[in-house]
Amino acid sequence: MTIPIIEVENVYKYYKQARKSFSDKNKYVKAVNGVSFSLYEGESFGLVGESGSGKSTLGQVILQLINQTSGTVKYRGKNVSTYTKKELKAWRKQVQIVFQNPYASLNPKKTIGWIMEEPLNIHRIGNKAFRRQRVMEVLEEVGLDHTFMDRYPHELSGGQRQRVAIASAIILEPEFMVIDEGVSALDVSVQAQILNLLKRLQRKYRLTYLFISHDLNVVQYFCDRIAVMYLGEIVEIGETEELGRSLKHPYTKALFSSILSLDESEELKLLDGNLPSLLEI
Amino acid sequence: MNLKKAKSIPFYIGVGLIVFLLLVMIISIFYTPYDPNAMDSANRLAAPSMEHLFGTDNFGRDILSRIMEGSQTAFIIGISSVTIGFIFGFLFGAIAGYFGGWFDEVISRFIDAMLAFPGILLAIMLIAVFNTGMTNTIIALGIMSIPSFARITRSSFIQYKEYDFVKASIAKGAGSFRIIFQHILPNAVSPILVAVALSFSGAVLSESGLSYLGLGVQPPDPSWGRMLKEAQAYIASAPWYVILTGLAITFLVLGFNLLADGLRDKQDRKA
C-alpha cells in the first residue's frame, strides 16, 4: 500500500448538450465533476453510486477509452495523456476492462477461441501453437475447458460468457483491471462464483481492481476501500470497515441504510424523489 | 412456422430467377442457338417458331441468341458497378461512421447532395463528359451507387462502435484497422448484403435505360436496353421482340429485388 498504481487528479468530463434553438446557452452534462483519488497496488477499490452518477464514465476515462475534459490520469507516476502511440499500446497490455453485460461484450460473430486469442494477436505474442496453448490454460483457469474454443458466444450462458470476458482480459497478465458492473447482470449464485474467481485471480496475478458497482453488498464483500459517487463527485471515501460507521454525507447515510438487514427492529430509511438533472448542478 | 415458410417463398423465387439467368449467362459464353450477329434478310421479324424459339429481329437475327448474349452484359455491368460502389461506399462510410468529426460532416453532406441529385441524370452527365461505352457506363453506374453503400455502412459503424465488444477490443490495444474489419464488418454484413442486391438490380435497370437512350453500351456489345429500343419500332408487327426482351430485364431486376426483400425479412426476424 505504498506506491499508487493509478492516480486520478481533478478529472472532469463534460458532455455538451445539443442546443434546441440558437438563443439557448450551451449546456453541459457534468458526468464527472472534479474527481481525485489514488489506487494502490494489490487493492480492490470499490466505486459505488446509482445509475447516472458517472462511475462508468470515470472507469473508461481512467483507461482512456473516453478522453477527459480536463484533469490528469497517472499510471505509475506517468501521465497517460502524454503517451505516444507505441507507449499507449504497450500500456493497454497492463490495464484491462470487463463490462457489465456479457451479452454485449463478446463479438457475436467470433468463436470463443478467436476472442481469447485476439489480445495475443494484437500484441504479437508467441506463435500459433503457443497462443492456442495459452488460451487453453487461461480457459481452464476461469473454470472452462478447451471444448469452448470452437463455440460462439450465443451458445454460452451469462456466467460462462462473463468467464470468457474475464479470461480474455487476464490472458495478457495485466496489473490493473476495471470491473464495470462485472457481476450485476448475473444471477446471485453465479455472482458469488465470479467474485471468488476474481479474488483467486487477484492473488495469482497480483491484480489491482477498480470495482464499479451499484450493489453495496457486493462491494462491501469484495473491496478493501470504497468511494461513493454522487452526481459526478466522490462524496465519501474510506476503508470498507470504517466507512459504514462514520458516514458524513447525507446521501451515503441513506445509501448505506438501504442495505437490507435481517434485524427487523431497524427501520429502512428510503430515499425519496429523483436525482436532480446533471444539467442543473 | 407456416407463416415463416410462406414469407420465404418470394425469397426463393428471387434466388431461382437469379440462378436461372446466371445459368443462361454461363451457357451463352459457350453456346447460343445461332450466331447473335448473323443476319438473315430472308427471315426478318419472323414470329417465334421451332427454328427461332423467340423469333427474329428486323435484321433477321435470332432474338433468343441475342438475349442470351445480352445477359453477359447485364451481369458484367451489374457486378462491376456494384463492386465499385461497394468498395468506395464502404470505405467512405466506414471512415465517416467510425472516426466521426469533420470528415464525417464532409462525407455526409456529400452523400446527401448525391442522393438529392437524380442518379440517372448524374450518369448521363458523366457519360456526356467521358463518352459512351461499356467501361464508362460501369464507372457512371458505380459512382451512382456509392452514396447508398456509404450511408448504410456509416450507420452500421455508428451503431457498432459503441458496443462493449468494440470498446473491450480497443482496451486490449486493437487498432482501427482491426476494429473496422474484424469486429464491425462481420456484424454489418447483412444490411450491406441487402444494399448489394438492391444496387445490382438498380444497375441493371439503369444500364437498360441508358442503352435505350443510346448512351450506354454501344454496338457490337449486346445490350437488352438497346434491343428494347430497336424493338420499339416494330411493337405492332413483332410484339414478341419487345415483350421477350422486356421480360428478360424484368426477371433479372425482380430476382434481385425479391432477394433483397427476403434478406431484409430474415434480418428483421433475427433482430
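The paragraphs below lead through a predicted model with a chain A and a chain B, beginning with chain B and then turning to parts of chain A.

Chain B is built from nine helices and zero strands, so that reading from the N terminus one meets the pattern α-α-α-α-α-α-α-α-α. Its C-alpha atoms fill a box of roughly 75 × 50 × 30 Å, taken along the principal axes. Of the 271 residues of chain B, 43% count as buried, and among the contacts in chain B with a separation of 6 or more, 71% are made by residues 24 or more positions apart.

Where the two chains meet, 19 residues of chain A are in contact with 15 residues of chain B. On the side of chain A that touches chain B, helix 2 (85-92), strand 6 (95-98) and helix 3 each supply at least two residues, and the largest share, three residues, comes from helix 3 of chain A. Sorted by character, the residues of this side of chain A divide into nine nonpolar, five polar and five charged.

Strand 6 of chain A deserves a second look inside its own chain. From this strand, A:Val95 and A:Ile97 point one way while A:Gln96 and A:Val98 point the other way, and all are buried. Strand 6 of chain A pairs with strand 7 of chain A in the parallel sense, over four bridges, and in this pairing A:Gln96 stands opposite A:Met177 of strand 7.

Helix 4 of chain A, residues 128-141, has 14 residues and reaches 20 Å from its first C-alpha to its last, which is close to the 20 Å expected at 1.5 Å a residue. Which residues of this helix are buried? They are A:Arg131, A:Val135, A:Val138 and A:Leu139, and, seen down the axis of helix 4 of chain A, the buried residues fall within an arc of 105 degrees, so they line one face of the helix. An α-helix has 3.6 residues a turn, and therefore residues three or four places apart point the same way. What covers the buried residues of helix 4 of chain A includes helix 3 (112-122) and helix 5 (158-170) of chain A, whereas on the other side of helix 4 A:Ala129, A:Phe130, A:Gln133, A:Glu137 and A:Glu140 are exposed. Just after helix 4 of chain A comes A:Gly143, which takes a positive phi of about 85 degrees.

Helix 5 of chain A should span 18 Å, because it has 13 residues at 1.5 Å a residue, and its end C-alpha atoms are indeed 18 Å apart. This helix is mostly covered, with 11 of its 13 residues buried, including A:Gly159, A:Arg161, A:Val164 and A:Ile170. The buried residues of helix 5 of chain A pack against strand 6, helix 3, helix 4, strand 7 (176-180) and helix 6 (188-205) of chain A.

Two loop residues of chain A close the tour. A:Gln64, in the loop between helix 1 (55-62) and strand 4 (70-75) of chain A, has a phi near 60 degrees, a positive value in a residue other than glycine. Is A:Gln64 buried, partly exposed or exposed? A:Gln64 counts as partly exposed, because it has 19 C-beta neighbours inside 10 Å, and a residue is buried if 20 or more lie within that distance. A:Arg206, in the loop between helix 6 and strand 8 (208-213) of chain A, has a phi near 50 degrees, again a positive value in a residue other than glycine; with 11 C-beta neighbours inside 10 Å, A:Arg206 counts as exposed.

Note on methods: Residues are numbered from 1 along each chain as its sequence is written. Chains are lettered from A and ligands numbered from 1 in the order in which they are written. This is a predicted model: local features need pLDDT of at least 70, side-chain atom pairs count only at pLDDT 80 or more; totals for chains, interfaces and linings use all residues. The expected span of a helix is 1.5 Å times one less than its number of residues. A residue is buried if 20 or more other C-beta atoms lie within 10 Å of its own, exposed if 12 or fewer, and partly exposed in between; C-beta atoms are placed from the backbone. The arc is that of the directions from the helix axis to the C-beta atoms. Two residues are in contact if their C-beta atoms, placed from the backbone, lie within 7 Å. Ala, Val, Leu, Ile, Met, Phe, Trp, Tyr, Cys and Pro count as nonpolar, Asp, Glu, Lys and Arg as charged, and the others, Gly among them, as polar. Two strands pair if DSSP finds at least two bridges between them.
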